[in-house]
Amino acid sequence: MIIRSVAIGSTNRAKVRAVRRVISRVWPEAACLPVTVDSGVAEMPMSDQEAVRGARLRAARARQAGDADLGVGLEGSVVEMPEGMYLTSWVAIVDRQGCTGLASGARLLLPEAIAAEVRGGAELGPVIDRYSGEHDTRQRQGAMGFLTRGLLPRDGAFGAAVACALAPFLRPELYGRAPAEEE
């Protein structure tokens, strides 16, 4: 399978960096084009289901908007669990034939003070900006980077999910698809 073009359903610098870093390892000649698309979900998805829906919509809309070989949708979200509120991410990748890869990223338990603000309707990005004393952290290290003191920045967390979502395209024979012919 040769990929020449990848449309990224976001212009967020951290998300774009994550996709470019992973795609360049597999298809170094592929052009990666960030495009603005609507996710169809809330700004801060509050469940895995909502985040998956947003990632899938972003991927399909980006692929179509860029007339690309692949579309990549990335969606950060929070999820309530018995232990507390977790921050996570979802990535969907779709090709021209509609084959989709889907993966989630790392899960990080949010401190209760931050989780309480998000539960109260605050968006996570500005909350983290306030705690970190920085501006627009979601474009750089994000909440994961801030809370892990840089051990796992946002682009790293999304990058791992991008790599995992590529699995059906990298090992199609194991996912019930015939390998695409090399062009």
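Tutor: Two strands count as paired when DSSP finds at least two bridges between them. Keep that in mind here, and note that this is a predicted model.

Student: Over how many bridges do β3 and strand β4 pair?

Tutor: Strand β3 covers residues 70–81, and strand β4 covers residues 84–95. The two form a hairpin with two residues between them. One facing pair is Val78 of β3 with Leu87 of β4. Their pairing is antiparallel, and the number of bridges is twelve.

Student: In which sense do strand β1 and β3 pair?

Tutor: Strand β1 is made of residues 5–8, and three bridges join it to β3. Ala7 is one residue to look at, as it stands opposite Gly71 in β3. The sense of the β1 and β3 pairing is parallel.

Student: In β2, which residue is the bridge partner of Ile8?

Tutor: Strand β2 holds residues 31–34 and pairs with β1 in the parallel sense over four bridges. Ile8 is buried on one side of β1 together with Val6, while Ser5 and Ala7 are buried on the other. Across in β2, the partner of Ile8 is Pro34.

Student: Is β3 largely enclosed or largely open to the outside?

Tutor: A residue is buried when its relative accessible area is under 20%. Of the twelve residues of β3, ten are buried. Because of that count, the rest of the structure leaves β3 largely enclosed.

Student: With the side chain of which residue does the side chain of Glu75 make a polar contact?

Tutor: Glu75 sits in strand β3. Its relative accessibility is 2%, and therefore Glu75 is buried. At 2.8 Å there is a polar contact from its side chain to that of Arg58.

Student: How far apart in space are Val19 and Gly71, C-alpha to C-alpha?

Tutor: Val19 belongs to helix α1, residues 13–26. Its relative accessibility is 0%, so Val19 is buried. Outside its neighbours within four places in sequence, Val19 contacts Val6, Ile8, Val72, Leu74 and Val162. Val19 and Gly71 are 52 residues apart in sequence, and their distance in space is 11 Å.

Student: Is Asp155 buried or exposed?

Tutor: Asp155 is part of helix α6, residues 154–165. Beyond its neighbours within four places in sequence, its contacts are Ala14, Arg17, Ala18 and Arg21. Its relative accessible area is 9%, so Asp155 is buried.

Student: Against which elements do the buried residues of α4 pack?

Tutor: Helix α4 runs over residues 124–132. Its buried residues are Leu124, Gly125, Val127, Ile128, Asp129 and Ser132. After α4 comes Gly133, with a positive phi near 75 degrees. The buried residues of α4 pack against β4, α3 and α5.

Student: How much space lies in the largest pocket?

Tutor: The pocket has a lining of 35 residues, with Asn12, Lys15, Glu43, Arg138 and Arg154 nearest its centre. By type, the lining has twelve nonpolar, 14 polar and nine charged residues. At least two lining residues come from each of β3, β4, α4, α5 and α6. The space in this largest pocket is about 620 Å³.

Note on methods
Residues are numbered from 1 along each chain as its sequence is written. This is a predicted model: local features need pLDDT of at least 70, side-chain atom pairs count only at pLDDT 80 or more; totals for chains, interfaces and linings use all residues. Side-chain values use heavy atoms; hydrogens and water are left out. Buried means under 20% relative accessible area, exposed over 50%, partly exposed in between (1.4 Å probe, protein chains only). A polar contact is a pair of N or O atoms within 3.5 Å; within protein, one must be able to donate a hydrogen and the other to accept it, and residues adjacent in sequence count only if both atoms are side-chain atoms. Contact means heavy atoms within 4.5 Å. On a 1 Å grid over the protein atoms alone, a cavity is a set of points where a 1.4 Å probe fits but cannot get out, and a pocket is an open set with protein on both sides within 12 Å along at least five of seven lines; lining residues have an atom within 4 Å of a point. Grid points are joined across faces, edges and corners, and a volume is the space filled by probe spheres set on the points. Ala, Val, Leu, Ile, Met, Phe, Trp, Tyr, Cys and Pro count as nonpolar, Asp, Glu, Lys and Arg as charged, and the others, Gly among them, as polar.
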